[in-house]
Amino acid sequence: MPYSWTSPARAPQFSTRAIRAGRAPEIDSGALTPSICLSTTFAQADIGVPGAHTYARASNPTVATLEAALGALEDAPPSVCFATGMAATTTLILATAAAGDAVLVSEVVYGGTARLLERVLAPLGVRATFVDTSDLRAVSAALRSKPKLLFVETPANPTLRLTDVAAVADLAREAGVLLAVDNTFLTPLLMRPLDLGADVALYSTTKYIEGHNATVGGAISARDPALLERVRFLRKTLGNIQAPFSAWLTLRGLDTLALRLRAHSRHAQQVAEFLAAHPAVARVHYPGLASFPQAELARSQHRDAETGEALHSGVVSFELRADLVRGASDGGFAAGVRLARAVRLATLAENLGCTQTLLTHPASMTHADVPQARRHATGISDGLIRLSIGLEHPRDVIDDLAQALAQVAVGDEVETTAGIGEAVARD
Ligand code: PLP
């Protein structure tokens with residue numbers, strides 16, 4: 001009898017799916033942890049009688065296991081996995097738009113997405129229009145130009161501006177425009193875009209899904225078989241499928257996604273509260289803070305799939321008070337650079353969603369290719385710091401930030417806060 005992990009009584013919970021969906025003990029060995037299949041090619045029974053896999057650029061058993069697992073998290077058919085998140089984004093846009101077509105995109109998106117649109121796709125004739133997708137009127141007006149795709153990133157990297165996915169899904173449906181949501185920051189644990197009306201949920205699995213800073217990868221989830229087929233065709237043609245070993249590591253990460261993401265979220269909340277109370281900090285952007293301008297939307301849109309608790313993932317961004325930073329005569333940029341140099345535990349690096357706490361200076365790193373005028377107009381100031389809060393003890397992360405802030409800031413107010421992490425961090 002085939003092994004089954006499903007209960008006939010009711011649909012399995014998120015954690016159960018994350019660990020069991022798509023995986024079964026292997027028929028020959030009984031191995032419970034899936035094997036890594038490295039074969040490039042697969043024997044065919046006869047001319048015209050291929051098996052499930054033919055050639056590893058088209059599909060592969062280990063990648064297929066990950067795809068079944070990811071699809072199950074969103075009650076969707078198997079997802080389509082890519083070599084990187086950017087490969088997923090590129091393939092999605094090529095699947096939906098051609099020369100002469102327009103794509104509507106959130107004005108704040110990962111810098112690589114903006115670079116793809118402006119430096120690679122625009123010269124090929126695919127026009128990108130950037131719009132503030134948190135402004136429904138602006139979205140509605142922009143949809144009148146009949147773009148082929150509305151591509152939303154929420155929370156946006158790195159300002160954490162939110163887009164109301166259900167509301168833009170209604171607008172996109174009325175306009176007959178496909179809606180894709182880059183759900184990298186939240187994962188299906190905290191938001192299921194397809195349930196909110198989006199056609200596509202897109203992931204950089206490099207971040208929380210794999211979660212250990214050990215792979216790059218991407219995924220597209222959708223419920224329309226024709227769209228998935230088109231995306232698979234392009235992947236086979238472009239040759240940007242995920243490698244089997246990366247897929248295997250990503251499956252391993254998926255097992256603990258719910259546990260990790262809840263901890264990332266709780267730690268980030270504590271760090272955000274510490275920063276918000278710090279005199280050298282001008283502004284903190286974190287959807288879990290009462291002061292966050294879209295706190296209400298955050299509470300309704302970001303929900304733990306099992307507990308219903310409002311959780312907001314692990315990215316916090318903030319700006320320093322330039323007047324309190326030693327030698328920061330140009331305001332933000334020098335302030336950001338000084339803080340980046342002063343941290344000890346947090347590591348200056350370009351990633352997020354992994355176990356280690358990372359600090360990024362978007363203006364000089366992830367978003368350096370976004371023109372400065374657009375960065376400034378959309379809230380990515382030169383002093384903005386992005387933190388990806390890891391799984392270290394939050395007290396240690398807060399102590400580190402406290403000592404770094406004390407190093408870069410002037411004034412009695414700031415010097416006295418050096419040990420504040422002790423008092424603020426909860427276990
Ligand atoms: N989407 C978001 C929100 C990201 O932050 C990133 C990378 O930082 C990507 C997509 C691209 O993913 P990858 O680095 O796996 O290509």
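**Exercise 1. At what angle do helix α2 (residues 61-72) and helix α9 (residues 244-255) pack, and how far apart are their axes?**

Solution. The structure is a predicted model, and every value below is computed from it. Two packed helices are described by the angle between their axes and by the distance between those axes. For α2 and α9 the angle is about 35 degrees, and the axes lie 8 Å apart. The next step is the sense of the crossing, and here α2 passes α9 in a left-handed manner. The contact itself is made on the α2 side by Thr62, Val63, Thr65, Leu66, Ala69 and Leu70, and on the α9 side by Pro244, Ala247, Trp248, Thr250, Leu251 and Leu254. Sorted by class, the residues of this contact comprise 9 nonpolar and 3 polar ones, with no charged residue.

**Exercise 2. Describe the largest pocket by its volume, its lining and the elements that contribute to it.**

Solution. Begin with the volume, which is about 420 Å³ for the largest pocket. The lining of this pocket consists of 29 residues, and those closest to its centre are Met86, Tyr110, Asn157, Ser204 and Lys207. Turning to the secondary structure, α3 (85-96), α4 (111-121) and β6 (200-204) each provide at least two residues of the lining. By class, the lining of the largest pocket is made up of 10 nonpolar, 12 polar and 7 charged residues.

Now treat the second largest pocket in the same order. Its volume is about 270 Å³, and of the 17 residues that line the second largest pocket, Gly22, Ala24, Glu26, Pro34 and Thr65 are the closest to its centre. The lining of the second largest pocket divides into 10 nonpolar, 5 polar and 2 charged residues.

**Exercise 3. Which residues of α4 are buried, and against which elements do they pack?**

Solution. The buried residues of α4 are Gly111, Gly112, Thr113, Ala114, Leu116, Leu117 and Leu121. Following the contacts of these buried residues outwards, one finds that they pack against the helices α3 and α13 (372-377), and also against the strands β2 (102-106), β3 (127-131) and β4 (149-153).

**Exercise 4. Is Pro155 buried or exposed, and which residues is Pro155 in contact with beyond its neighbours within four places in sequence?**

Solution. First locate the residue: Pro155 sits in the loop between β4 and α6 (165-175). Pro155 counts as buried because its relative accessible area is 2%, and the cut-off for buried is under 20%. With the neighbours within four places in sequence left aside, Pro155 is in contact with Leu160, Arg161, Leu162, Phe185, Leu186 and His302. As a last step, consider Ala298, which is 143 residues away from Pro155 along the chain, although the C-alpha atoms of the two are separated by 9.1 Å.

**Exercise 5. How many cavities of 30 Å³ or more are there, and what lines each of them?**

Solution. The count comes to 2 cavities of 30 Å³ or more. The largest cavity has a volume of about 70 Å³, and its lining is formed by Ser106, Glu107, Val108, Val131, Asp132, Thr133, Ser134, Glu153, Ala156, Arg161 and Thr163. In terms of class, that lining has 3 nonpolar, 4 polar and 4 charged residues.

The second largest cavity encloses about 30 Å³ of space. Lining the second largest cavity are Glu107, Val108, Val109, Ala114, His367, Val370, Arg374 and Ile380, which divide into 5 nonpolar, 1 polar and 2 charged residues. Comparing the lists, Glu107 and Val108 appear in both linings, while Ala114 of the second lining is also one of the buried residues of α4.

How values were computed. Residues numbered from 1 in each chain as written. Predicted model: local features only at pLDDT ≥ 70, side-chain atom pairs only at ≥ 80, totals over all residues. Heavy atoms only, no water. 1 Å grid on protein atoms, 1.4 Å probe; cavity = no way out; pocket = protein on both sides within 12 Å on 5 of 7 lines; lining within 4 Å. Points joined across faces, edges and corners; volume = space filled by probe spheres on them. Helix = DSSP H or I, 4+ residues; strand = E, 2+ residues; numbered from the N terminus. Nonpolar A, V, L, I, M, F, W, Y, C, P; charged D, E, K, R; others polar. Buried < 20%, exposed > 50% of the residue type's maximum accessible area, 1.4 Å probe, protein only. Contact = heavy atoms within 4.5 Å. Axes fitted to C-alpha atoms, helices over the stretch in contact; angles between N-to-C directions. Left-handed = near helix turned anticlockwise from the far one by under 90°.
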